[in-house]
Amino acid sequence: MRERNQDICLLTAEGRKERRGNVFVPEVILALFLLSGLLIACKDMMYSPACLKGAVLTGVLVILILQASELSDKTARGARLGIYMASILCFVVFILYIAQGFLDTVNRFRALWNLRFQTELEQFSVNSRAVTGAVVFWCLIAVSLAALLLMLVKRRSTGLLSLMVVLALLMGFVLGRSQMWGCVLCLIGGSFGTLVFTSAPGRQYGIWGLMCITLTGILFLSFFAGTNGYEGLDQIARWRADAVSWFERFRYGEDTLPKGNLAKAQGLLDGEDETLRLEMETVQECYLKGFVGADYDGIMWKNLPMEAYQGEYEGLLKWLETKDFSVLRQFAQYNELTETAQGTDTGSVKIDVENTGAYRKFVYLPATAENWEGGGSKERKDWQVRSNRFFGTKNYSFQAVSGVVSADGVSTAPWMQNPSGKAEKDYLDAESVYHSFAKEYYMDVDDDRKAELEELFFPEEKERDFNEVTAQIRRVLRQETRYVETPPAVPSGKDFVDWFLNESHRGNAIHYASAAVLAYRTAGYPARYVEGYHYADEETSVVLTNQNAHAWVEVYVPGVGWMPVEVVPGMYTEMYTNQIVEGEPAFQVNADSTEDGLEIEGGQSDDDGREETPEDALPIHRILSMVMLSLYLCLILYLALEAQRIIRRMYRKRAMRKEEDSLFVDWYAKEMSRMLVTGNVRGNYNHPLELSGQVEEKIDGISADEYIRAVGLLQKVRFGGKKLKPHELHTLECFLKRLAGSLSRQAGVWGRFKVRYWYVF
């Protein structure tokens, strides 16, 4: 009876006012939590911290004004109208500034997208108005968000709120570059706070609601304090990397090459699985390029980042296309111009390739390739050629300049000093621009490492041309290090090149190539690290295996382009025999050390050859990451349940609008029976009136008379064949809602779950 009186009280003006006072504080707090989280998730798209501060303050002001106005029916409409009119006036007055602020926001979004997904979305041009415009733009966004969030909190629209939370978290974690602990705390705290507040008895703020919100806050504060500020970007990046790695293995197969991961250097020559089949017209040595690394961090080589192709060099590759200049075919273009100028013909060789076990994402080509066809391939930046097909490329062919393999002996032609034709001038103009780009982004060596490399490789201060630099690098590597097929693992925390040159002094092709790239850069030549397959046999039909895997240096020879340079001792001699196996020079296996510094140890090393796996110093981080992932999965499940709840309610309302009494009355009868079972009402449901006594006894707030009245309405349609009047239908609807509410209060967590998502009330 107390519950019924309370419901009646809420229908009066004083009751509504009392209820508004009860929920004023929690609704404001929850809306502010959610608003702050949404704005923090977008802070990397804001011009400056002033945008975030202004947006939050504006949102707080709007929420307080709207909530305060709700205490009086007379001021509510006026407050909303005033806020909307002020926003429109602000938009009109600052429209030019807002336009620039909007474009600046779009630019920042595109920049984040480019960084994360390695795309090339172009930027809009903005002017100085973007500084003020960005602040005004985000303040207006905050006005809309604040009004929307407050409305959703009031209506207990937890499904839509949760969807907004998920989208904001995805925005912050996937595209953002800043710490996300504040965003996660606000969003998930506000989301779960809304959920528990909605689930409180009577949906009113009281001791239970206060306890729910307090416990939720303590839970999340403890969680994030324990992680020293949760950096979601790093964890999500690892999850995304794992997912991308699995998907690429599914599409392109397993890549036996390390792809720049220096921790896998020991396994370069593991196995003898078939990788590529080559068919060529004449014998041609080949360095078939796969992975290309530009940035070295001590443990990995990585592709040149997308930032390199923005800013000063934005649109560089497209401009080079207008000059008919291709970085990946530069040597062939240079050779063609040289042949025209000198009246010679170097010739070319055609090679057909079948990928039988190599990574199918790459189209393996030499630096001297003139053209290629088949496989749906395209040029990827200035690195390599990749496949466009979903499952990669298996068959393709290419033509390469005959006889030229590496940078050894390559020198610039005389015509480059005195170009005579348009083609030569266009080539030199494009080459000059790209050469500047290469010197900007393929010369990076930190100062401390550069000083050590200069002392080791170039102790004498004198000018050296390219051939002299190459000879010096080869000599030092030959004298200071020894080749082994399976070198010792680099200890955790050690720099790969430093360990190789200063401590281990033993390595395979990956070690030599990595050290040589840094040495060339120290000498002033743009260089990059390359992995792929090398062939030097005297057959026109050959099968390459994992034993042909190799790593080498690509150096930018001014005027000529990127050319491979061999630095592994024994591999750059002019004698090539059929005994040569990639990474294993033409010397006897298990031979003793020679004057050249070679030490072939048959794949054995001082240790077991396994990379040491460092212990996780803080396993709690992994546990907390799994907890966070579980929370996300729970949130997704919750959204799915809310979605099916909304769909079922829409179906019921549609039947009511169409006046299909038999449909919704059958539905009501079935749901009433299920709810009575949840309330432990037992008996013969074919005679529902006999259950009235149990209903009144076991379900608080439901009287026998109410139950009998509802059953009578159902029987009126089912057995009497009559149509319910609107007020009778409303009575039946209200009874079922009150029955669901009573069960929700007394049936425990599982009962509440069934009432909300199974019975859809």
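N548 is a buried residue, with a relative accessible area of 15%, in what is a predicted model. Its place is in the loop between β14 (541–545) and β15 (549–557). Although N548 and L276 are 272 residues apart in sequence, the two are 9.6 Å apart in space, C-alpha to C-alpha.

**The chain as a whole**

The protein chain has 761 residues, of which 48% count as buried, and its secondary structure consists of 23 helices and 16 strands. Among contacts between residues at least 6 apart in sequence, 74% join residues at least 24 apart.

**A residue in a strand**

Y396 has its place in strand β10 (residues 395–401), where it is buried, with a relative accessible area of 4%. Leaving aside neighbours within four places in sequence, Y396 is in contact with I351, D352, V353, V363, Y364, L365, E373 and G374. For one of these partners, G374, the C-alpha atom is separated from that of Y396 by 4.6 Å, while the two residues are 22 residues apart along the chain.

**Helix α13 and its surroundings**

Helix α13 (residues 422–441) has 20 residues, which at 1.5 Å a residue should span 28 Å, and its end C-alpha atoms are 29 Å apart, in agreement with that expectation. The buried residues of α13 are E424, D426, Y427, L428, A430, E431, Y434, H435, F437 and A438. What covers these buried residues of α13 includes the helices α11 (316–322) and α12 (330–342), together with the strands β13 (527–535), β15 and β16 (561–565). The strand β15 is also one of the two strands that flank the loop holding N548.

**Two helices that cross**

Two packed helices are described by the angle between their axes and the distance between the axes. The axes of helix α14 (residues 447–457) and helix α17 (residues 509–522) come within 10 Å and cross at roughly 90 degrees; α14 and α17 are therefore roughly perpendicular to each other. On the side of α14 the contact is made by R449, K450, L453, E454 and F457, and on the side of α17 by L518, A519 and T522. Sorted by class, the contact of α14 with α17 has four nonpolar, one polar and three charged residues.

**Two lysines with positive phi**

Most residues other than glycine have a negative phi, and most peptide bonds are trans. Against that background, K259 has a phi near 55 degrees, a positive value in a residue other than glycine, and K381 likewise has a positive phi near 55 degrees. The table sets out where each of these residues lies and how accessible it is.

| Residue | Phi | Loop | Relative accessibility |
|---|---|---|---|
| K259 | near 55 degrees | between α10 (232–252) and β1 (274–280) | 30%, partly exposed |
| K381 | near 55 degrees | between β8 (377–380) and β9 (384–387) | 7%, buried |

**Cysteines**

How many disulfides does a search of the whole structure find? The search finds zero disulfides. C51 is accordingly in no disulfide, and the nearest cysteine sulfur, that of C139, is 7.9 Å away. With 0% relative accessibility, C51 counts as buried, whereas C734, at 30% relative accessibility, counts as partly exposed.

Technical notes. Residues are numbered from 1 along each chain as its sequence is written. This is a predicted model: local features need pLDDT of at least 70, side-chain atom pairs count only at pLDDT 80 or more; totals for chains, interfaces and linings use all residues. Side-chain values use heavy atoms; hydrogens and water are left out. Axes are lines fitted to C-alpha atoms, for helices over the stretch in contact, and angles run from 0 to 180 degrees between N-to-C directions. Helices (H or I, at least four residues) and strands (E, at least two) are DSSP runs, numbered from the N terminus. Angles under 35 degrees count as roughly parallel, over 145 as roughly antiparallel, 65 to 115 as roughly perpendicular and the rest as oblique. Contact means heavy atoms within 4.5 Å. Ala, Val, Leu, Ile, Met, Phe, Trp, Tyr, Cys and Pro count as nonpolar, Asp, Glu, Lys and Arg as charged, and the others, Gly among them, as polar. A disulfide is a pair of cysteine sulfur atoms within 2.5 Å. Buried means under 20% relative accessible area, exposed over 50%, partly exposed in between (1.4 Å probe, protein chains only). The expected span of a helix is 1.5 Å times one less than its number of residues.
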